[in-house]
Each structure stands twice: as C-alpha cells, then as structure tokens.
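Here are some comments on the model, written for someone meeting such a structure early in their studies. Please keep the structure open while reading.

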Amino acid sequence: MKKDSNKVAKLVLFSPGGEVLLLKRSNYMKKFKNSWDLPGGHVQIGEEIEDGLKREVREETGITIDEATYVFQKKNDYFFYSNWSEGSISLSDEHTSFIFASEEQLDDLSELTTYYRKVIKKCYKVYKGEK
C-alpha cells in the first residue's frame, strides 16, 4: 500500500445548477468529525496532485472526474474545481451523507469550516470568471 504524502488535493464540484457538492464527515474521523467536507484527500507519495485528486474523489464519491481546473494552493492544500453532469454518488465510509449547496447557503451551514467556506467562495469567483 502506498503511503500518503503531506499534500492534500480537494475538489469543488459544481452541479449543472451551480451548487457545490459537500460531504458530511463520519463521526469516527480523527479531524473535523461531522463537519462538511470537500471531496478529495491525501495525495500518495510519488503521485501527481491531479491524479491523487481524481483517485480520492472516485474513492469517496464513486464519481469519475475527467478534468479538474487548478484554482490555488495554500500551504500543502491544493484546490481544484470541476463540473458534475451525470452519475450517482456512492459514499465511502469516510462520509455519512452529502448535499448540493448553493453559494447563498454556505453561510448558513454551521458545520462548514470558515476555511472551506472561503475556499468555496474563491472557487465560485474563478468558476464564474470573476477576478
């Protein structure tokens, strides 16, 4: 089994209606249990960032991502966005449920960290072509 690196790749996945996929972390997770999460996770040592992103998203949601657009990096966290158009979501045991949230709903989600709220809003701006 390959070892995880300290790099984390996360995806802001937009639905056709412009909502973002959020996953509810399981209560057995060491960090941020029961909080809203973005699909993605640790990139393995020797793995390209985007390949790790696609693998993690597939493992966590069952969704295959063909293309992901790099948005920005903060320390060891790499953020991308992509569009979701078809397929069903099949969660791994790392997450218990999912929602698609609109940009307006983000501020009402108490279990969404401020860090991810800012990340998602930044990705919305890039997604919409704003500066």
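The points below deal with one helix and then with some backbone angles.

1. This is a predicted model, in which local features need pLDDT of at least 70 and side-chain atom pairs count only at pLDDT 80 or more, while totals for chains, interfaces and linings use all residues. Residues are numbered from 1 along each chain as its sequence is written, and side-chain values use heavy atoms, with hydrogens and water left out.

2. Helix α2 covers residues 114-127 (helices are DSSP runs of H or I with at least four residues, strands runs of E with at least two, both numbered from the N terminus). Its 14 residues reach 20 Å from first C-alpha to last, close to the 20 Å expected at 1.5 Å a residue, where the expected span is 1.5 Å times one less than the number of residues.

3. Which residues of α2 are buried? They are Y116, R117, V119, I120, C123 and Y124, where buried means under 20% relative accessible area, exposed over 50% and partly exposed in between, with a 1.4 Å probe and protein chains only. Seen down the axis of α2, these buried residues fall within an arc of 160 degrees, so they line one face of the helix; the arc is that of the directions from the helix axis to the C-beta atoms.

4. Most residues other than glycine have a negative phi. N34, although not a glycine, has a positive phi of about 65 degrees; N34 lies in the loop between β2 and β3 and, at 38% relative accessibility, counts as partly exposed.

5. K75, also not a glycine, has a positive phi of about 55 degrees. K75 is found in the loop between β5 and β6 and is exposed, with a relative accessible area of 73%.
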